[in-house]
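Trainee: Could you take me closely through one part of this model, namely how a pair of its helices pack together, and then place that part within the rest of the fold?

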Amino acid sequence: MNIILLGPQGSGKGTQAKLLATELGVPHVSTGDMFRAAIADQTPLGVRVKAVLDAGELVPDDLTIALVQERLSGPDAVSGFILDGFPRNRAQAEALDQWLDGIGRPVDAVLCFELSNDVATERMLARADAEGRADDTPEAIARRLEIYRDQTAPLQEHYRKRGTLVPVDADDSIDAVHAGIVAALLGT
Ligand code: AMP
């Protein structure tokens, strides 16, 4: 299955993506993880995007789209993928749709994690204490939520029109959210 996870940071998207990837036996493709790995390895891409991530801004679309296409072209992603953190705006969504439709691998479901801004901010601040991520400063968190609201949340409408949107109540325990997702996807 080809699945996209849409939701604000702090919605538990990453945790659920990993669980689902294991359950379905498909790779978890997180653009945030890929950028963080590039930064840690000091690759040319990492050096280029570090300041962008630290500020909570979006990496330019051309770089991000190319990265995702390359990753989804890998042999392990042919039978499916869980895409986490991409697309984040209309240009990315349209590029992805066009590419996947063109190669006959359309998206099956877009899981939309629904959570209030307050709870999302609370969870991100808690994670900042626990993990010490460089982009979990209050300013970067606020900027990421703003970008989510302005550029990413409108994609719900885009996928609703395509008939692939699946709402997920993210304000529940990890197990309960996971069970809800599996039931919605597999009809169990
Ligand atoms: P995440 O781990 O998904 O919260 O992503 C961390 C950071 O990586 C974001 O704040 C952006 O700077 C960058 N990033 C991740 N995914 C994308 C994307 N699809 N487009 C642009 N930038 C991204």
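Mentor: The crossing of α1 and α9 is right-handed, and it should be read with the caution due to a predicted model. Two packed helices are described by the angle between their axes and the distance between the axes. For helix α1, residues 13-24, and helix α9, residues 174-186, the axes come within 10 Å and cross at roughly 50°. That angle is neither under 35 degrees nor in the range from 65 to 115, which makes α1 oblique to α9.

On the side of α1, the residues that meet the partner helix are Thr 15, Gln 16, Leu 19, Leu 20 and Glu 23; on the side of α9 they are Ile 174, Val 177, His 178, Ile 181, Val 182 and Leu 185. Sorted by character, the residues of this contact divide into 7 nonpolar, 3 polar and 1 charged.

To place this pair in the fold, consider that the secondary structure of the protein chain comes to 9 helices and 5 strands, which run from the N terminus as β-α-β-α-α-α-β-α-β-α-α-α-β-α. The strands form an open sheet with parallel pairing, in the order β2-β3-β1-β4-β5. Its edges are taken by β2 (28-30) and β5 (165-169), each of which has a single partner strand, so one side of each is left without a neighbour in the sheet. On average, neighbouring strands of this sheet are turned by 25° against each other, direction ignored. Strand β4, residues 109-114, pairs with β5 in the parallel sense over 5 bridges, and within this pairing Cys 112 has Pro 167 in β5 as its bridge partner. Helix α2, residues 31-40, packs on the sheet, where it touches β2 and β3 (81-84), and its direction makes about 65° with that of β2.

Two backbone details deserve a separate look. Most residues other than glycine have a negative phi, and most peptide bonds are trans. Gln 42, although not a glycine, has a positive phi of about 55°, and its place is in the loop between α2 and α3 (44-55). Phe 86 and Pro 87 are joined by a cis peptide bond with omega about 0°, and Pro 87 lies in the loop between β3 and α5 (90-102).

As for the overall dimensions, the C-alpha trace of the protein chain spans about 40 × 35 × 30 Å along its principal axes. The protein chain has a radius of gyration of 16 Å, which agrees with the value near 16 Å for a compact globule with 188 residues.

Definitions and conventions: Residues numbered from 1 in each chain as written. Predicted model: local features only at pLDDT ≥ 70, side-chain atom pairs only at ≥ 80, totals over all residues. Heavy atoms only, no water. Pairing = 2+ DSSP bridges. Helix = DSSP H or I, 4+ residues; strand = E, 2+ residues; numbered from the N terminus. Axes fitted to C-alpha atoms, helices over the stretch in contact; angles between N-to-C directions. Contact = heavy atoms within 4.5 Å. Parallel < 35°, antiparallel > 145°, perpendicular 65-115°, else oblique. Left-handed = near helix turned anticlockwise from the far one by under 90°. Nonpolar A, V, L, I, M, F, W, Y, C, P; charged D, E, K, R; others polar. Rg over C-alpha atoms; globule rule 2.2 N^0.38 Å.
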